[in-house]
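This report covers salt bridges, the strands and helix packing. Inspect the model below before reading on.

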Amino acid sequence: MNPTMRNRLIGLAIALAIFAVDQALKGYVLNGLAMELGQSITYLPIFNFTLTHNYGVSLGMFTAQSEEMRWILVGVTGLIAAGVTIWMLREGKLADIIGLAMILGGALGNIKDRYDYGYVVDFLDLHFGEWRPFLIFNIADAAITIGVVIILARSLLTRDKGDHEPASEAVES
């Protein structure tokens, strides 16, 4: 197996692992802990499980206020996930593939929630006293965010050899 194919398989395995962990933790919160909407369980002074339902997408924007909007969001996010999958399968570098795999795994977890429930299950609540630097989120959200940061950092901070090499200056006699 060539290195590019190996990297792509690693990416698919990462996406699947993120999806599985996300769904397992959501299942634990909903079934194992049998939490109710708004209920909070403190685990650390700065970390709770607080069950919320997110009817929107990133940061609660574009809230699905009807069944039609729910299915439009499922469709649009499904198309985005398909695009990310195609992009990932065209990449060769493991770092890029890892970032895309994190986005894909997280997207699939949230798509499944929206398909099953009509909303995304959020429960991770990081706080410092009353200050919450993030909205309540889930593993899928965290994976998407980290994946986007990896892709942006790589696109801004790295470049392939041969790109934008300075032209050699001709020596005039």
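## Salt bridges and burial

At 14% relative accessibility, Asp96 is classed as buried, because the cut-off for that class is under 20%. The model behind this value is predicted.

The partner of Asp96 is Arg154. Their salt bridge has its closest N and O atoms 2.7 Å apart. This pair connects distant parts of the chain: Arg154 sits in helix H4 (residues 139-157), Asp96 in helix H3 (residues 94-117), and their positions lie 58 residues apart in the numbering sense of being 58 residues apart. Arg154 has a relative accessible area of 21%, so this residue is partly exposed.

A search of the whole structure gives 6 salt bridges. Three of them, among the 6, are tabulated here.

| Salt bridge | Closest N and O atoms |
|---|---|
| Asp22 with Lys26 | 2.8 Å |
| Glu67 with Arg70 | 3.2 Å |
| Arg154 with Asp96 | 2.7 Å |Asp22 and Lys26 belong to helix H1 (residues 3-32). They are 4 residues apart there, so about one helical turn separates them. Both Asp22 and Lys26 are buried. Salt bridges with shared partners also join Asp22, Lys26 and Asp113 into one network.

Glu67 and Arg70 both lie in helix H2 (residues 67-90). They are 3 residues apart, about one turn of the helix. Their burial classes can be read from the accessible areas. Glu67 has a relative accessible area of 45%, so Glu67 is partly exposed. Arg70 has a relative accessible area of 11%, so Arg70 is buried.

## The sheet

In what order do the strands of the open sheet run? The order is E1-E2-E3, with 3 strands and antiparallel pairing. Strand E1 (40-44) and strand E3 (120-126) are the edge strands, and each pairs on one side only. From one strand to the next, the twist averages 30 degrees.

E1 pairs with strand E2 (residues 47-54) in the antiparallel sense, over 4 bridges. Thr42 stands opposite Asn48, which is in E2. Helix H3 packs on this sheet and touches E2 and E3. The direction of H3 makes about 125 degrees with that of E3.

## Helix against helix

H3 also meets H1. The axes of H1 and H3 come within 8 Å. They cross at roughly 35 degrees. The crossing of H1 and H3 is right-handed. How do the residues of this contact divide, and what are the counts? The contact of H1 with H3 has 14 nonpolar, 7 polar and 5 charged residues.

H3 thus appears in several parts of this account. H3 holds Asp96, the partner of Arg154 in H4. H3 packs on the sheet. The axis of H3 crosses that of H1.

## Overall layout

The protein has 4 helices and 3 strands. Along the sequence, the pattern is α-β-β-α-α-β-α. Of the 173 residues, 32% count as buried. Contacts between residues at least 6 apart in sequence can also be sorted by separation. Among them, 63% join residues at least 24 apart. The salt bridge of Arg154 with Asp96 spans distant parts of the chain too, the two being 58 residues apart.

How values were computed:
Residues numbered from 1 in each chain as written. Predicted model: local features only at pLDDT ≥ 70, side-chain atom pairs only at ≥ 80, totals over all residues. Heavy atoms only, no water. Salt bridge = Lys/Arg side-chain N within 4 Å of Asp/Glu carboxyl O. Buried < 20%, exposed > 50% of the residue type's maximum accessible area, 1.4 Å probe, protein only. Pairing = 2+ DSSP bridges. Axes fitted to C-alpha atoms, helices over the stretch in contact; angles between N-to-C directions. Contact = heavy atoms within 4.5 Å. Left-handed = near helix turned anticlockwise from the far one by under 90°. Nonpolar A, V, L, I, M, F, W, Y, C, P; charged D, E, K, R; others polar.
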